[in-house]
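Reader: I am in my first year and still learning how to read a structure, so could you take one part of this one and go through it slowly with me? I would like to hear about a single buried residue and the empty space beside it, and then about what lies around them.

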Amino acid sequence: MTGRMIMGRYERNMPAISPEEQAELAGKRVVIIGCGGLGGYIIELLARIGVGHLTVVDGDVFAESNLNRQLFSTEENLGQPKPLSAVRRLSIVNSEVSVRPICEKLTEQNAEQILTGHDVAVDALDNGPSRLLLAAACRKVGIPLVSGSIGGWYGRVFVLEPEHRADFLWEDGNGQITFGNLSCTAACVASVQVAETVKVLLGRGRLLKSRLLELNLLQARWEEIPLDLS
Amino acid sequence: MKIELKLNCRDLTGDLREGFYDLPEGITANGALEAAFQEAGKTLTESIARSLVFMVNGRAAEEETVLQDGDTLRVLFRILGG
């Protein structure tokens with residue numbers, strides 16, 4: 001990364017991120033599983049902050065019901081694969097970031113291969129079973145997982161080290177109450193996930209390890225919940 | 001025995017009392033939550049019950065986890081969207 005590059009595009013990242021850290025981010029590889037409500041914001045923000053290599057994974061296409069919150073969904077790309085819209089968007093936001101789209105759902109067969117070669121995985125999924133699968137693959141590959149989830153006005157974020165398990169948070173209870181998904185909740189949770197991801201990559205700050213951050217936007221309350229995963 | 005109840009599910013369960021409860025030995029996590037519902041004059045419905053996650057002293061717990069004196073029981077609801 002040249003000094004001209006840093007003083008242009010990333011000038012306003014300074015001094016929160018040092019020039020040396022900026023160069024470090026340029027060499028990092030992050031895989032984001034899900035390009036929907038959380039994923040769209042995560043992908044855009046990681047690209048803008050300067051993470052050099054993003055792999056974006058989603059087997060879905062855009063539908064009308066995505067328009068309320070999914071950053072890359074527009075009235076013009078309904079029916080198109082979500083990762084390809086991410087590629088198009090990032091080509092005009094930060095062409096210095098390399099983006100690899102994978103237009104497939106994460107499965108037991110492809111998960112390890114998709115995750116291998118990355119420094120961290122980011123959970124932007126929308127269901128429990130897929131999160132269990134992603135966490136298991138992160139354990140096998142040995143990379144941390146920045147997990148996020150949303151429901152209505154509520155959201156949660158935490159960082160899962162590969163030696164720990166948090167399956168109890170994702171095991172589906174059939175017939176459970178659903179909350180919908182709001183744009184503001186997706187954006188808030190995604191922003192926290194991006195901050196945690198950058199902190200993992202740079203080895204800085206106090207991570208949401210052994211702590212679950214719960215956002216309740218309806219009550220304007222953020223709470224840290226102690227998490228013992230040992 | 002004394003159990004501390006913390007609720008991260010108020011928007012589902014309504015205004016149950018958070019804090020310390022005197023409960024019989026051998027009570028389960030679900031039993032403790034039902035006691036809180038009873039005290040508030042409310043009913044723990046099946047749809048609410050299926051939406052809940054239990055933690056005891058910061059660790060994962062099940063509905064049938066037997067509580068010990070001094071335990072902190074936290075009840076959250078599942079948030080799985082993205």
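Author: What follows is a close look at one residue, the cavity it helps to line, and the surroundings of both. Please keep in mind throughout that this is a predicted model.

The residue is Asn216(A), and its place is in strand β7 of chain A, which covers residues 211–216. Is Asn216(A) buried or exposed? Its relative accessible area is 7%, and because the limit for calling a residue buried is under 20%, Asn216(A) counts as buried. Its side chain takes part in polar contacts with the backbone: it reaches the backbone nitrogen of Leu218(A) at 3.1 Å, and a polar atom of that side chain also lies 3.0 Å from the backbone nitrogen of Gln219(A). If neighbours within four places in sequence are left aside, Asn216(A) is in contact with Trp153(A), Tyr154(A) and Arg221(A), and also with Asp11(B) from the other chain named here.

Which residues line the second largest cavity together with Asn216(A)? From chain A there are Tyr154(A), Glu214(A) and Arg221(A), while chain B brings Leu7(B), Asn8(B), Cys9(B), Arg10(B), Asp11(B) and Phe77(B). Strand β7 of chain A, together with β1 and α1 of chain B, are the elements that give two or more residues to this lining. The space inside the second largest cavity is about 50 Å³, and its lining divides into 4 nonpolar, 2 polar and 4 charged residues. Tyr154(A), Arg221(A) and Asp11(B) thus appear twice in this account, as contacts of Asn216(A) and as part of the lining.

The elements β1 and α1 of chain B, which we have just met at the cavity, also help us to look further into that chain. Helix α2 of chain B, residues 29–39, has several buried residues, namely Ala29(B), Asn30(B), Gly31(B), Ala32(B), Leu33(B), Ala36(B) and Phe37(B). These buried residues pack against β1 (2–8) and α1 (10–13), and likewise against β2 (19–22), β3 (52–56) and β5 (72–77) of chain B. After α2(B) comes Gly41(B), whose phi is positive, near 70 degrees.

How many cavities of 30 Å³ or more does the structure hold? There are 3 of them, and the largest cavity has a volume of about 60 Å³. Its lining is made up of Ser147(A), Gly148(A), Ser149(A), Arg156(A), Phe158(A), Leu169(A), Trp170(A), Leu212(A) and Ile79(B). Strands β5 (145–151) and β6 (154–160) of chain A each supply at least two of these residues, and β5(A) gives the most, with 3. By class, the lining of the largest cavity holds 5 nonpolar, 3 polar and 1 charged residues.

It is also useful to set these enclosed spaces beside the open one. The largest pocket holds about 350 Å³ of space. Of the 25 residues that line this pocket, Gly34(A), Asp58(A), Asp60(A), Leu125(A) and Asp126(A) are the closest to its centre. Its lining comprises 7 nonpolar, 11 polar and 7 charged residues.

Finally, we can turn to the packed interior. The largest nonpolar core has 38 residues, and those that touch the most other members are Val30(A), Ile32(A), Ile42(A), Ile43(A), Leu46(A) and Leu54(A). Helix α7 of chain A, residues 183–202, gives the most to this core, with 8 residues. There is also a second, separate core of 30 residues, which includes Ala137(A) and Phe158(A) from chain A as well as Val53(B) and Met55(B) from chain B. Phe158(A) therefore has two roles in the picture, since a core is built from buried residues of the nonpolar kinds joined through side-chain atoms within 4.5 Å, and this residue belongs to the second core while also lining the largest cavity.

For a second buried polar contact to compare with your residue, look at His118(A), which lies in the loop between α5 and β4 (120–123) of chain A. His118(A) is buried, with a relative accessible area of 8%, and a polar contact of 2.7 Å joins its side chain to that of Thr55(A). A polar atom of the His118(A) side chain also lies 3.3 Å from the backbone oxygen of Ile114(A).

Definitions and conventions
Residues numbered from 1 in each chain as written. Chains lettered and ligands numbered in written order. Predicted model: local features only at pLDDT ≥ 70, side-chain atom pairs only at ≥ 80, totals over all residues. Heavy atoms only, no water. Buried < 20%, exposed > 50% of the residue type's maximum accessible area, 1.4 Å probe, protein only. Helix = DSSP H or I, 4+ residues; strand = E, 2+ residues; numbered from the N terminus. Polar contact = N/O pair within 3.5 Å; in protein donor to acceptor, adjacent residues only side chain to side chain. Contact = heavy atoms within 4.5 Å. 1 Å grid on protein atoms, 1.4 Å probe; cavity = no way out; pocket = protein on both sides within 12 Å on 5 of 7 lines; lining within 4 Å. Points joined across faces, edges and corners; volume = space filled by probe spheres on them. Nonpolar A, V, L, I, M, F, W, Y, C, P; charged D, E, K, R; others polar.
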